[in-house]
There are 2 protein chains.
Amino acid sequence: MEFFKADIAIDAGYILCLDESATQIEDGTILIKNNNFQYVGSRLDRGQYIATDYIDAKTSVVLPPFYNQHTHPSLSLYRGLGVDLSLHDWLQKVIWPLEKRFCNPEMVYLGSQLSLLEMIRSGTGAVATMDFHTKAVGKAFEEAGLRAYLGEAIFKTPTPACQSPEDGYKYIESLLTEYSDSDLIHIYLAIHAPFTSNPALYKEAAKRATQWDILTTSHIAETKSEFEWSQKTYRKTPVELIESTGILDTDFILVHGVHLSDSDIKILSNNDIPVIHNPQSNMFLGSGACPVSSLLEQNVLVGLGTDSAASNNNLSMMREMQTAAKLHKVIQKDASSIPAPQALRMATANGYRIYRHKLLGQITKDYKADMQIIETADIHNIPSYDITSTLVYSSHSEDVTGLIVNGKIIMKDREIITLDEGGILDRCKKMGLEIAQFMKNR
Amino acid sequence: MEFFKADIAIDAGYILCLDESATQIEDGTILIKNNNFQYVGSRLDRGQYIATDYIDAKTSVVLPPFYNQHTHPSLSLYRGLGVDLSLHDWLQKVIWPLEKRFCNPEMVYLGSQLSLLEMIRSGTGAVATMDFHTKAVGKAFEEAGLRAYLGEAIFKTPTPACQSPEDGYKYIESLLTEYSDSDLIHIYLAIHAPFTSNPALYKEAAKRATQWDILTTSHIAETKSEFEWSQKTYRKTPVELIESTGILDTDFILVHGVHLSDSDIKILSNNDIPVIHNPQSNMFLGSGACPVSSLLEQNVLVGLGTDSAASNNNLSMMREMQTAAKLHKVIQKDASSIPAPQALRMATANGYRIYRHKLLGQITKDYKADMQIIETADIHNIPSYDITSTLVYSSHSEDVTGLIVNGKIIMKDREIITLDEGGILDRCKKMGLEIAQFMKNR
């Protein structure tokens, strides 16, 4: 019998591997050595291994971490401002004035820390961001120990961080240099949206992304007014518009996709373009519901994101997954739409595929050791007849007790190891008072 | 200066009184004497009163408890069975076979206890139920100390508890006798639904309810197929059908109302019929979305319920309120639809109005002492710019730390005082294994 020397050992009630055959192991053990899963299988005796750390998750489920596939970490400081407003009012009357006044590297760093606390606590291990002053976002993510795709938002107009798109590309180049050796932090190219840029900008972005060999992203077809504006201005839908720029020939990730024509969906399918669905933000802003069922029928890969805490107002991927599963049942008037296993994959494994991570997104020997632990012993999860249904329809964010990323314990027994929770919250509360004062005096 | 002798004193960060003028008290004190609020106002010094119990809620909000305005407590034992099925499949393939095998007073009692644990933990202080073997429900509620309207479901066919409607009325009569002196438990008359009864049954129910002077309720217009069946069978919409029976002349509370014509809404408005909206269950079962905005425009009073944990799969009114606020924004494509203060009232104060409780549903001197305490110091609530927005868009069920009903502490510091949580959960887990075995062997 093999004897293991491990760094971390976890005894789990269930392991949801989320591999291709959807392996479920009841009463299993996971061993982690360095950054990888060394053993994933049935329960080992304590005599079969030694491990530096031991985690008892016998009443819990272990599965890949949630992947928050689209969010703006800095905006958490504006959580709850501008509620009950549409996207364009929310941006123009609340978010952009706030960013004009407050968006600087210190604020972005603090907002990112707040977002990271919330995401870690709710089991998110990987995040795709779009912000200004991305170096400050990266600093917060590096300290937290999460995986990330970081995007500096490019506009045709000056942003709080960059005077021009050209300035933005220089900023991205310096990010690429800074994170070239990072295991956890990746850089991609983010054009904000069609209505804040122009076709030439997407064309230039496609050229740069090809040159740098990086992924690209943009908010596309989020609102009806964007769709109508695009048709009026360019005689093209937003998807047709960006297709004409060549950006879909890069590894492009489309965010939102609420307003898509049938032929838009075909374009996305033909070009293998994944879509990041942000159900709660789209609901909150009254934008509409992404046609997820039609996308899935056309084999478009769909992932989930929370968008920012200022249009949600939460960063829990658990809640996002639960909302997605229910929203499309009511939109389609079909209770079998987005069944539980599909919702779970959208929130986890699909993210790792969409962002092209290697050896990630499943709990499998020799894969990178990223996992979360979700307790299922609390009132609202009892009884449990199927663990996936329990997670998707009953569990709460607070049920997440542990998070490991790249073999490192980020949270244990609900305690965040890598960040100073108390200190960050104190600074956020103080900053909240300053922001409230600004809003009052406007 | 007045000196108070109180039973319970609470220092609160915020008090949301939910009275007509929406009074918000920052840094307030509440005193409770016997079953009533003795003082509600600005912070008192500790020298201004003596109190047997003291609760420090200085980083929390105090407000009326959630009112779960429609649920089936016994069904929590089936939580997670029959997921991703439509209402009619869910009933016929899963719930009714389960009830045929398992529905007896012991099971109903255990299921109700499980539901009560979950509802107490998430801040619900009053509940309207529809079940079989209602005496077992009542026993669980009396032990828990919650307010309730209890309804024994009447079908045209035999039920697990009653051989015939006549048998059902006798059962209701005995309930009325049993609870005639109760401060907390009330009985109302529940006809299951048009498709499980007939017009004569509603007519008879109207007669009995008038005779007994009690409220009435029924699941009406929940699915499209019910709406179509009613039109085909009776050439009437479900609302027109029950209107023709005279039941709307009683104090009738309509549950669901997903499929309503414009003239149905007028009928409800003209007859002052309130509607209990169950957004998550209607989403889960793919039934559709109640036209809440149209109901509100016609001055119909709308409340919220979770429906059962088997079609939700949760009994948190916090989640229900949050979903309602977001669902109607996306259905109406209008971010201002169901703004936060309205969502909060639907989940709380409206329930007390709809069920015609006196001196309840607001935090006001001399009103009955029902209140919940919600902590707002955790990561996901920071910063907080408006306490109502925080509750409706950011808070989690776990933020509820305390519950007082009729001057009695039901939960303190997240510990349920009135029920034996561990024992109930153990019995539920065992029963879950038996139910799983039955489902496997079918």
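Modeller: Two strands pair if DSSP finds at least two bridges between them. Keep that in mind as we look around this model, which is predicted.

Biologist: Thanks! Which residue stands opposite B:Ile30 in strand 3 of chain B?

Modeller: That partner is B:Val40. The two strands involved are strand 2 (residues 24–33) and strand 3 (residues 36–42) of chain B, which pair in the antiparallel sense over six bridges.

Biologist: How many residues lie between strand 2 and strand 3 of chain B in the hairpin they form?

Modeller: Two residues lie between them, and B:Asn34 in the turn has a positive phi of about 55°. One general idea for reading strands: in a regular strand, side chains alternate between the two faces of the sheet.

Biologist: Let's zoom out to a whole chain. How many helices and strands does chain A have?

Modeller: Chain A has 15 helices and 16 strands. Its radius of gyration is 21 Å, close to the 22 Å from the globule rule for 442 residues, so chain A is as compact as a globular protein of that length. The C-alpha trace of chain A spans about 70 × 45 × 45 Å along its principal axes.

Biologist: And how do I read burial? What share of the residues in chain A is buried?

Modeller: A residue counts as buried if 20 or more other C-beta atoms lie within 10 Å of its own. In chain A, buried residues make up 61% of the 442. Try helix 12 (residues 340–347) of chain A, where seven of the eight residues are buried. Among them are A:Leu344, A:Arg345 and A:Met346.

Biologist: What do the buried residues of helix 12 of chain A pack against?

Modeller: Their neighbours in chain A include strand 5 (66–71), helix 11 (317–332) and helix 14 (387–394).

Biologist: Now the two chains together. What turn lays chain A on chain B?

Modeller: A turn of 180°, with a shift of 0.0 Å along the axis, gives an RMSD of 0.0 Å. That is the relation of a two-fold axis. The same surface serves both copies, since 100% of the contact residues of chain A recur in chain B. Of the residues of chain A, A:Glu398 comes closest to the rotation axis, at 3.6 Å (C-alpha).

Biologist: How many residues of chain A are in contact with chain B?

Modeller: There are 54, in contact with 55 residues of chain B. Helix 15 of chain A gives the most to this side, with six residues. By class, the side of chain A that touches chain B has 24 nonpolar, 19 polar and eleven charged residues.

Notes
Residues are numbered from 1 along each chain as its sequence is written. Chains are lettered from A and ligands numbered from 1 in the order in which they are written. This is a predicted model: local features need pLDDT of at least 70, side-chain atom pairs count only at pLDDT 80 or more; totals for chains, interfaces and linings use all residues. Helices (H or I, at least four residues) and strands (E, at least two) are DSSP runs, numbered from the N terminus. Copies are superposed by least squares on the C-alpha atoms of residues with pLDDT of at least 70 in both. Two residues are in contact if their C-beta atoms, placed from the backbone, lie within 7 Å. A residue is buried if 20 or more other C-beta atoms lie within 10 Å of its own, exposed if 12 or fewer, and partly exposed in between; C-beta atoms are placed from the backbone. Ala, Val, Leu, Ile, Met, Phe, Trp, Tyr, Cys and Pro count as nonpolar, Asp, Glu, Lys and Arg as charged, and the others, Gly among them, as polar. The radius of gyration is taken over C-alpha atoms; the globule rule is 2.2 Å times the number of residues to the power 0.38.
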